[in-house]
Structures are given as C-alpha cells and as structure tokens.
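Me: Could you take a close look at one part of this model for me? I'm after the salt bridges and their surroundings, so walk me through one spot and then put it in context.

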Amino acid sequence: QQEVQDFDAILGIESADRKRMETDLGRLREEVAEQHMAATAQRLLQQHEICRQSAWARELSAEQAAEAAEQRRLRKELEAEVEQATAQEKHCAAAAELRLKVLQQEVHERDVRIGLESSERQ
C-alpha cells in the first residue's frame, strides 16, 4: 500500500512538474511569438522608411531633372539672343561701313567738283 501511495505521489509530482513545464513552455512560446511579431514589425517599419526615402529621392531626382531641363532651355534662349545680337551688330557694322563708303565717295566727288570749278575759274 505504501508503495502505491509513493508511486501516486511520484506521479503527482511528475504531473505537477509536467503542468508547470507546459505552462513555462506556453509562456516561452508566447514570448517567442511576441518577439517574432516585434521583429517583423520593426523590419516592416524599416522597409517602409526605405521605400519612403526612395520615393523622396526619386522625387528629388525628378525635380533636379526638371531644373536641369529648364536651365538648358534658358541657356539655348540666351545663346539665340546672343546670336541675334551678334547678327544685328554685324548688320549695323556693315551698314555703317557702307554709309562711310558713300560719304567718302560724296567727299571725293565734291573734291573733284571743287577742283574742276577751281580749274575753270583760273
């Protein structure tokens, strides 16, 4: 009888140990699941931040590309204006040169006429 009671007591202790170990195992599983969820949430937050920064970088790149295109357009406009001003300057220089030649010709003709008139008077 004593042996049966001892055996039952041992079984009771083992049963209590098993229940305590199952409870500990359940708690550990919950902790592991919580840690896994926290790590997953952290990883998702990091991926979200990377995506946000990538989108910002793409937006910035697009703005820089638009700015560069605007600068190229303005440079071409300025080059066209300089080209036009240069052409006008050449045209004005040619017109002034032609006017100078006309005036020189008129002066020469006047000198010749004065010379002829002076010769006729003598």
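Reply: Arg73 and Glu70 sit three residues apart in helix H1, about one turn of the helix. This is a predicted model, so keep that in mind for every distance below. The side chains of Arg73 and Glu70 form a salt bridge, with 2.6 Å from N to O. Arg73 has a second partner: its side chain also meets that of Glu77 in a salt bridge, at 2.3 Å from N to O. Glu77 lies in helix H1 as well, four residues from Arg73, which is again about one turn. Through these shared partners, salt bridges join Glu70, Arg73 and Glu77 into one network.

How covered are the three? Arg73 is partly exposed, with a relative accessible area of 39%. Glu70 comes out at 35% and is partly exposed too, and Glu77 is partly exposed at 37%. The cut-off for buried is under 20% relative accessible area, so none of these three values falls in that class.

As for the pairing itself, side chains of opposite charge can pair when their charged atoms come close.

There's another pair worth a look, at Arg27 and Asp24. Their side chains meet in a salt bridge with an N to O distance of 3.2 Å. Arg27 and Asp24 are three residues apart in helix H1, which spans residues 2–121, so about one helical turn separates them. Arg27 has a relative accessible area of 44% and is partly exposed, while Asp24, at 30%, is partly exposed as well. Overall, the salt bridge count for the model comes to five.

Now zoom out. The protein has one helix and zero strands. Its radius of gyration is 52 Å, well over the 14 Å that the globule rule gives for 122 residues, so the protein is more spread out than a compact globule. The C-alpha atoms fill a box of roughly 175 × 10 × 10 Å along the principal axes. Of the 122 residues, 0% count as buried. The protein exposes about 11,300 Å², and carbon and sulfur atoms supply 57% of that area.

On the charge side, the protein carries 18 positive and 26 negative side chains. The centres of those two sets lie 8 Å apart.

How values were computed:
Residues are numbered from 1 along each chain as its sequence is written. This is a predicted model: local features need pLDDT of at least 70, side-chain atom pairs count only at pLDDT 80 or more; totals for chains, interfaces and linings use all residues. Side-chain values use heavy atoms; hydrogens and water are left out. Helices (H or I, at least four residues) and strands (E, at least two) are DSSP runs, numbered from the N terminus. The radius of gyration is taken over C-alpha atoms; the globule rule is 2.2 Å times the number of residues to the power 0.38. Buried means under 20% relative accessible area, exposed over 50%, partly exposed in between (1.4 Å probe, protein chains only). Accessible areas come from the Shrake-Rupley method with a 1.4 Å probe; for residues, only the protein chains shown count as cover. Lys and Arg count as positive and Asp and Glu as negative; His and the chain ends are not counted. The place of a charge is taken as NZ of Lys, CZ of Arg, CG of Asp or CD of Glu. A salt bridge is a side-chain nitrogen of Lys or Arg within 4 Å of a carboxyl oxygen of Asp or Glu.
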